[in-house]
Amino acid sequence: MTDHPHGEQGAADAPHTEVWHGRASNRMQWLLASIGAACLALGIQLAVDSTWTSGIAALAMSVVGCIAAGLLVLFGTLAFVHVAVKVDKECLEVRCGHMGVPRRRIPLSNITGADFAPRVTPRQWGGWGYRWRPDQGTAVVVRRGEGLVLLLGDGHTFTITVDNAEAAVRVIRDRLRIAAMGRTH
């Protein structure tokens with residue numbers, strides 16, 4: 001996580017931070033990705049060099065099953081190895097994995113509040129990844145630890161596990177306060 005202030009940090013006349021960036025990562029996902037790669041390799045090995053004697057249908061199902069499971073696990077885990085969060089003057093953007101997909105862009109005008117969550121766990125959300133629970137809202141969970149909880153204008157919440165979530169909360173609250181002052185003048 002990096003916080004890029006313009007001007008001296010803590011100075012009373014320091015300009016507002018233009019863009020805040022945060023990240024979180026999970027090395028455990030690499031282990032799961034390697035399991036997916038092994039399953040994929042097994043499927044390829046079966047297809048190329050098989051001494052399968054139970055018939056072609058059983059071989060084809062095994063090859064297709066191993067390759068499909070391997071690709072699903074491999075790409076499903078690599079999408080959530082890390083999350084990157086960016087807060088600028090207009091929106092908050094969340095990008096997952098190396099390709100930045102899934103991605104969510106939330107205009108600051110749709111955010112009514114931001115809270116710090118000291119402990120977000122995959123268990124609370126039913127696992128890692130992009131999650132939805134009717135009683136909790138939506139979340140991007142890549143690891144256990146601190147997180148940012150956005151209160152959205154439609155009454156829903158959006159939770160993101162990100163390092164230095166307290167700084168993100170401060171930046172978002174500042175932006176919301178500035179926007180509110182601009183509407184009252």
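The buried residues of helix α2 are Leu-59, Val-63, Cys-66, Gly-70, Leu-74 and Thr-77. Part of their cover comes from helix α1, residues 28-48. The model is a predicted one.

How far apart should the ends of α2 be? The helix has 23 residues, 56-78, and at 1.5 Å a residue it should span 33 Å. Its end C-alpha atoms are 33 Å apart, so the model agrees with the expected span.

**A patch on the surface**

Helix α1 also holds Leu-31. Is Leu-31 buried, exposed or partly exposed? Its relative accessible area is 47%. Buried means under 20% and exposed means over 50%, so a value in between is called partly exposed. Leu-31 is therefore partly exposed. Together with Met-28, Ile-35 and Trp-128, Leu-31 forms a nonpolar patch on the surface. The four residues share about 370 Å² of accessible area.

**The strands and their partners**

Now to the strands. The table lists pairs, their direction and their bridges.

| Strand pair | Direction | Bridges |
|---|---|---|
| β6 (residues 111-120) and β9 | antiparallel | seven bridges |
| β9 and β10 (residues 157-161) | antiparallel | five bridges |
| β7 (residues 129-133) and β8 | antiparallel | five bridges |
| β8 and β10 | parallel | three bridges |

Start with β9, residues 145-152. Six of its eight residues are buried, so the rest of the structure largely encloses this strand. β9 pairs with β6 and with β10. On the β6 side, Val-120 stands opposite Gly-145 of β9. On the β10 side, Gly-147 has Thr-161 as its bridge partner.

β9 and β10 also form a hairpin, with four residues between the strands. Which residue of this hairpin takes a positive phi? It is Gly-155, with a phi near 90°.

Strand β8 covers residues 137-141. Five of its five residues are buried, so β8 too is largely enclosed by the rest of the structure. In a regular strand, side chains alternate between the two faces of the sheet. β8 runs antiparallel to β7 but parallel to β10. A hairpin of three residues links β7 to β8. Across that pair, Tyr-130 has Val-140 in β8 as its bridge partner.

**One residue up close: Thr-138**

Thr-138 lies in β8. Why does Thr-138 count as buried? Its relative accessibility is 15%, and the cut-off for buried is under 20%. Which residue of β10 stands opposite Thr-138? That residue is Phe-158.

Phe-158 also belongs to the list of residues that Thr-138 touches, leaving out those up to four places away in sequence. The rest of that list is Arg-104, Trp-125, Tyr-130, Arg-131, Trp-132, Thr-157 and Thr-159. Tyr-130 has appeared before, as the bridge partner of Val-140.

**After β10**

Where is Asn-164 placed? It sits in the loop between β10 and helix α4, residues 165-184. Asn-164 has a positive phi of about 55°, although it is not a glycine. Its relative accessibility is 28%, so Asn-164 counts as partly exposed.

Definitions and conventions: Residues are numbered from 1 along each chain as its sequence is written. This is a predicted model: local features need pLDDT of at least 70, side-chain atom pairs count only at pLDDT 80 or more; totals for chains, interfaces and linings use all residues. Side-chain values use heavy atoms; hydrogens and water are left out. Helices (H or I, at least four residues) and strands (E, at least two) are DSSP runs, numbered from the N terminus. The expected span of a helix is 1.5 Å times one less than its number of residues. Buried means under 20% relative accessible area, exposed over 50%, partly exposed in between (1.4 Å probe, protein chains only). Contact means heavy atoms within 4.5 Å. Two strands pair if DSSP finds at least two bridges between them. Patches are made of residues with over 30% relative accessible area and no salt bridge: like charges are joined within 9 Å, nonpolar side chains (Val, Leu, Ile, Met, Phe, Trp, Tyr) within 5 Å. Accessible areas come from the Shrake-Rupley method with a 1.4 Å probe; for residues, only the protein chains shown count as cover. A salt bridge is a side-chain nitrogen of Lys or Arg within 4 Å of a carboxyl oxygen of Asp or Glu.
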